[in-house]
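Thanks for coming, everyone. I'd like to walk you through one structure today, so please have the sequence and the model open as we go.

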Amino acid sequence: MAALIRYLLVAALFASLGLVLGSSEYGGHSANQLYRAVENPARTALDRAVGGADLAARSRVLARYPELLPGIISNARIWGDYSRAIAENMFSRDDPQAIADARAKTRVELVAPNTWLIRMPIVNAVLFETRDGLLLVDTGMAPAGPALVDAIRSVSDAPLHTVIYTHGHVDHAYGAWALADAGMNPRNIIAHEAIIPRFERYLRLRGSIAHYMSQPVEQLPATRDDIVWPTRTFRDRLVLEIGGETFVLVHHRGETDDQLYVWAADRRVLASADYWQSFIPNAGNGKRVQRYVEEWAFALREMASLNARVLLPGHGQALDDPAEIRDNLLVLAEALQSVVDQVVAGLNSGMRKDQVVASVVLPAQLAADPRLQERYVGVRDVARMVVHELTGWWDDQPSHWDPSSPERLAGLQVEMAGGLAAVDARARALMDEDLRLACHLADQALLAAPESSLARQLVLDVYRRRILTPPTPAAGTHAAGTPTQATLAYLDHMSRALP
Ligand SMILES: [Zn+2]
């Protein structure tokens, strides 16, 4: 059975690349037939695993090492439905496949009276109908704009009164272009004031953002006209009266410096943006700018105190049990706060930053909580983000203040070790006892001899093992496989080492 699954996954992988398998057929079935035969969740998870502009390179690694797939797929199942075309074209307003996927996969759920959760692939929007028209919270990714318009019109003909961006990320604020195209012109688009410099930064850092997000650079906004700007901003808190109802917008920095949540007080419905997720959230992603972990925890506690009847997160499914909502918010707040407190204590004690990060571990009860799995980033990644917020850029290593180049250092170390073969042998011996150390040696080998097939194979073998070996969990904790962001960094490293 396991062999069959592996075989199907490999077939799916090739088919997802639009390639025909080498022998063109497996057991009388073409790759595309096999691909269709793979159960849909596995297939979409597979697409997700190899998505982004690095698709081809990542796929080459996975075709060679299909044993990496199950763990990747398991951790990729954290965000509702998925579309590879959308994930590869998040900023595009005209990619036909992405637009079609969004239309095919968007669902509208009635979650409270006159309240809908619009579940687009990967991300949600929230729609409130009031006596004076519609209040829309978030707008999805750019190619999901037309699907969003369809979704709204499928439940209400009322005019669009107001749009709110919970923050300026591509998955929340970039579908708005389609509203105006469809003649749905709201009186206001409201966001936190920090969204303005955020959007300006996006224009300025276009190439860098495309690189770290694995998106085609030509699709990212190039001029101010490519962005749908808010028409009204606020600083701390904004109370809206629409159709005789109260909607409270509350800002606390968290995943971004412009994040806000929306409290529909009369309905007791909370649109929680990206503050809450059902795993350790994106508070420690090394490819992203600063996150504000302590304010994030504060926001979660504040939201818990509202005693919401319905929670509508920016990603994932709605929750409608008030006790569960409160408990979920508080558990995540406690975990984030614990990381912050440990980092602060460690920094104050004079430990080096690497020692501070290495010492952080969730208290046993939290570490065992299934809502705090390290599926996307790890707890230590969050600790690194806190260190980054609270201190300077130096890592406390004197030679790193103004270092030599990594290539020169690696070349010298390999030479002193007696050459590449010696480093290779030592790294392989270390794979069972200290995988982190083995990764350092593999990196040194590749830096010293980037064209060496020995060094390249060492990188492939060591990082293959690294992806297959989750960071050692404390007793009783939920090991969820190597977190997605680390896995992608390792996978991309492997793809560059392929022959
Ligand atoms: Zn999001």
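**A walk through the model**

Let's begin with a pair of strands: E11, residues 269-273, and E12 run parallel to each other and are joined by 4 bridges. Please keep in mind throughout that this is a predicted model.

If you zoom in on that pairing, you'll find Leu270 opposite Leu311 of E12. Ala271 has Leu312, also in E12, as its bridge partner.

Now, how are the two faces of E12, residues 310-313, covered? Val310 and Leu312 are buried on one side, and Leu311 and Pro313 are buried on the other. For anyone who wants the background, side chains in a regular strand alternate between the two faces of the sheet.

Where does this pair sit in the wider sheet? There are 5 strands in the order E8-E9-E10-E11-E12, forming an open sheet with mixed pairing. E8, residues 237-242, and E12 are the edge strands, and each has a single partner strand, so one side of each has no neighbour in the sheet. On average, neighbouring strands here are turned by 20° against each other, ignoring direction. So E12 is a nice one to look at twice, because it has buried residues on both faces and yet stands at an edge of its sheet.

Let me move to another strand pair. E4, residues 133-137, is paired with E5 in the parallel sense, again over 4 bridges. Leu136 is found opposite Val163 of E5. How many residues of E5, residues 160-164, are buried? The count is 5 of the 5, so this strand is largely enclosed by the rest of the structure.

On to the helices. Helix H13 covers residues 293-304 and helix H14 covers residues 322-348; their axes come within 8 Å and cross at roughly 155°. The cut-off for roughly antiparallel is an angle over 145 degrees, and that makes H13 roughly antiparallel to H14. The crossing is left-handed. On the H13 side, the contact includes Trp296, Leu300 and Met303, while H14 contributes residues including Leu329, Leu336 and Val340. By class, the residues of this contact are 13 nonpolar, 1 polar and 3 charged.

We can set a second helix pair beside that one. H7, residues 96-105, packs with H8, residues 145-155, at an angle of about 25°, and their axes are 8 Å apart. That makes H7 roughly parallel to H8. Is the crossing left-handed or right-handed? For H7 and H8 it is right-handed. Ile99, Ala102 and Arg103 of H7 meet Pro146, Ala147 and Asp150 of H8. This contact has 4 nonpolar and 2 charged residues, with no polar ones.

One single residue before I zoom out: Asp492, in helix H22, residues 484-497. Asp492 counts as partly exposed because it has 16 C-beta neighbours inside 10 Å. Which distance separates the C-alpha atoms of Asp492 and Val61? They are 8.6 Å apart, although these positions lie 431 residues apart along the chain.

Finally, the whole chain. The model has 22 helices and 12 strands. Of its 499 residues, 46% are buried. Among contacts between residues at least 6 apart in sequence, 69% join residues at least 24 apart.

That's my tour, and I'm happy to go back to any part of it.

Note on methods: Residues numbered from 1 in each chain as written. Predicted model: local features only at pLDDT ≥ 70, side-chain atom pairs only at ≥ 80, totals over all residues. Axes fitted to C-alpha atoms, helices over the stretch in contact; angles between N-to-C directions. Parallel < 35°, antiparallel > 145°, perpendicular 65-115°, else oblique. Left-handed = near helix turned anticlockwise from the far one by under 90°. Contact = placed C-beta atoms within 7 Å. Nonpolar A, V, L, I, M, F, W, Y, C, P; charged D, E, K, R; others polar. Buried ≥ 20, exposed ≤ 12 C-beta atoms within 10 Å, placed from the backbone. Pairing = 2+ DSSP bridges.
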